[in-house]
Amino acid sequence: MLIFPETKFDFCGDEYIYAEISTEMRIESNFKSISITNELRKRNIPGMIEVYPSNASYLIRYDPTAISPHHLLDYLQEIDQQKSHRSELHFSSRIIEIPVWYNDKITKNTIERYQHLQPEAGGDDFIHVMRANGFTEADAFIAAHSSPPYFITSLGFKPGTAWGFPLGVPQNKIIQAPKYPSPRSYTPGEALGIGGAFTVVYPTESTGSYQLIGISAVPVYDPGQNLSLFRDSFFLAKPGDLWKYRPITEAEYYNIREEVEKRTYEYKVKAIEFSVEQYDEKGDHYISQLMEGF
Amino acid sequence: MLNILEPGLKTTIQDTGRFGHYHMGVPPSGAADKYSFLLGNTLLGNPPDYAGLEMMLTGPVIEFQKKTVIALTGASAEVKLNGEVIPLWQPIAVSPGDVLMVGKIYDGIFTYLTVSGGLATPEILGSRSACFASGFPGVLGRKLLKGDQLPLNEPLPGVLRQVGKSIPNEIKPVFNRQLDLHLVLGIASERISDEGLTGLLNQEWTIHTQSNRVAYRLYGGRVRYKKEAAPFGSGNSPGNIVDIPYPIGGVIVPNEEELIILLNDGTGGGGFVTTGTVISPDLSVLSQAKPHSVVRFHAVTVEQAFQLRREKEQLIEKVKMTVQQA
């Protein structure tokens, strides 16, 4: 049975309230954060300016001239209580397929230029992460990384950067990677990075400190709204979504890129209802059930 | 139309910010010194969120192609209209063909130009503010360039009657090299030792040259973390926490000898111990502070924070009253 510690609320300056569900990373804390923030967004409370779910916490920005901070705090505490019962924790989300060229030439060209930042990696992030996780064969490593769905816990850093945490994998089997001790000044757009237990797709060219192990053939941020999936939002990710990485070859990568450029590419998407109660009861089996036929 | 003859060092379009997308990694942006910016709009009788120009250190040369009324606020600057020196902090009528030259900006970092009716440049995600990190098109994603033509809305009714009015001195912000910042402690303060917190509050901190609209970096003092294991999933260092959404104004402690204060172009999603939040009125003052200025922190209760905010709001309210009495 799922039990949450008491949420710690803090006023931050004169415009924010921070709520910490747990100090340590627990995926259940993230489920709770997403359930609460989805509910708050739906209620569309006047004076509430930002609703920001994160790994094990959430942040509310409000206008204190439009809403009493103390009334708001009481209100948040009430919703927090209600959402401490696992039967209340459910949300609509999507499974989205991201085709990835692992161990690719594009990110390798970049990494070579930044070898000096982490000499121990020998200029190859893919091999560095593969070996650090006890793999000797690239194919086995790619299969291990791409088999679980990655749960989008939160976004931040740059518009559209979404952190994915693998679901249905025992903790000791989760692929992890150290971060660059000092960040790269350049990362190609759509590069697939791994840092700690989290995998991200860099939405645009940017700085970065995650190890680069591949490149996505499809965009995750589209402010020009060129592809149909971005009609309602510039951002592919939403907290609570599941991303499934599909390994592709170099040739497939360039074929898909062409479709993206012609604006004909259609993402593979499946709408789901995520139930924390089911996850709590059935565990990994529930995840395989959700992924069936995808 | 504003015709940009010379762009200046870094002139951007700003309003009061872009909201509702922070959780998608989109910073709020908006005028760094919000107080001065709001005074500009208030002087003209504009609603607070009308877009204007934020000019950094060396200002632009601009030709007006419309008869309208403007105001300059923020840090002191050498400003000339058709070669004649004009004052800040008061509405000034301009005519087509007039040339505004904003030279060197001193005392602070940013001077603001607001225009009656506001700029009519495109919006994205509900704001006209430029944001460099976003990949937004045109002037929404970059500083102004020579030759840019910025459309203006029609001046608002009655604005000509405001010309010549000015703001009393006690309402104008004062920028100097010694700053007092008020913060509300919290977030992950428990990860800092009592002695470390005393260090944060009792020592002087110096503003680093690598400070900008994203964040200000401070050094010179010392904070000590508690000697305890970092929580699961946070990384291995005692300065790490599980990634949180940083508030704007958050006081981040990446190591024991440095502080980072997040400003309007900052984003959440970071895993360093954060020990409190600077109150919003003080962020306007901090954004105008030059590198090597000295900062002292004062811990306040949240009630005191609201009180300090109200005092600033009342000053703006006062200006609004005099404008409405025209």
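I counted two strands as paired if DSSP finds at least two bridges between them. The model I worked on is predicted.

**Entry 1, the S6/S7 pair.** I looked up where A:Ser154 bonds across and found that its bridge partner in S7(A) is A:Trp163. S6(A) and strand S7 (residues 162-166) of chain A are antiparallel, with five bridges. I noted that the two strands make a hairpin with six residues between them. In that turn I read a positive phi of about 70 degrees at A:Phe157.

**Entry 2, the S6/S13 pair.** I then checked S6(A) against strand S13 (residues 242-247) of chain A and found two bridges, again in the antiparallel sense. A:Tyr150 has A:Trp243 as its bridge partner in S13(A).

**Entry 3, burial of S6.** Is strand S6 buried or exposed? I found six of its six residues (150-155, chain A) buried, so the strand is largely enclosed by the rest of the structure.

**Entry 4, the four-stranded sheet.** I traced an open sheet in chain A with the order S1-S2-S4-S3 and antiparallel pairing. Its edge strands are S1 (8-12) and S3 (48-53) of chain A, each paired on one side only. Ignoring direction, I read an average turn of 15 degrees between neighbouring strands of this sheet.

**Entry 5, S1 and S2.** I found five bridges between S1(A) and strand S2 (residues 16-20) of chain A, which run antiparallel. A:Lys8 has A:Glu20 as its bridge partner in S2(A).

**Entry 6, helices.** I saw helix H2 (residues 69-82) of chain A packed on the sheet, where it touches S1, S2 and S4 of chain A. The direction of H2 makes about 25 degrees with that of S2(A). Helix H1 (residues 27-43) of chain A lies across S3 and strand S4 (57-62) of chain A, at about 160 degrees to S3(A).

Technical notes. Residues numbered from 1 in each chain as written. Chains lettered and ligands numbered in written order. Predicted model: local features only at pLDDT ≥ 70, side-chain atom pairs only at ≥ 80, totals over all residues. Axes fitted to C-alpha atoms, helices over the stretch in contact; angles between N-to-C directions. Contact = placed C-beta atoms within 7 Å. Buried ≥ 20, exposed ≤ 12 C-beta atoms within 10 Å, placed from the backbone.
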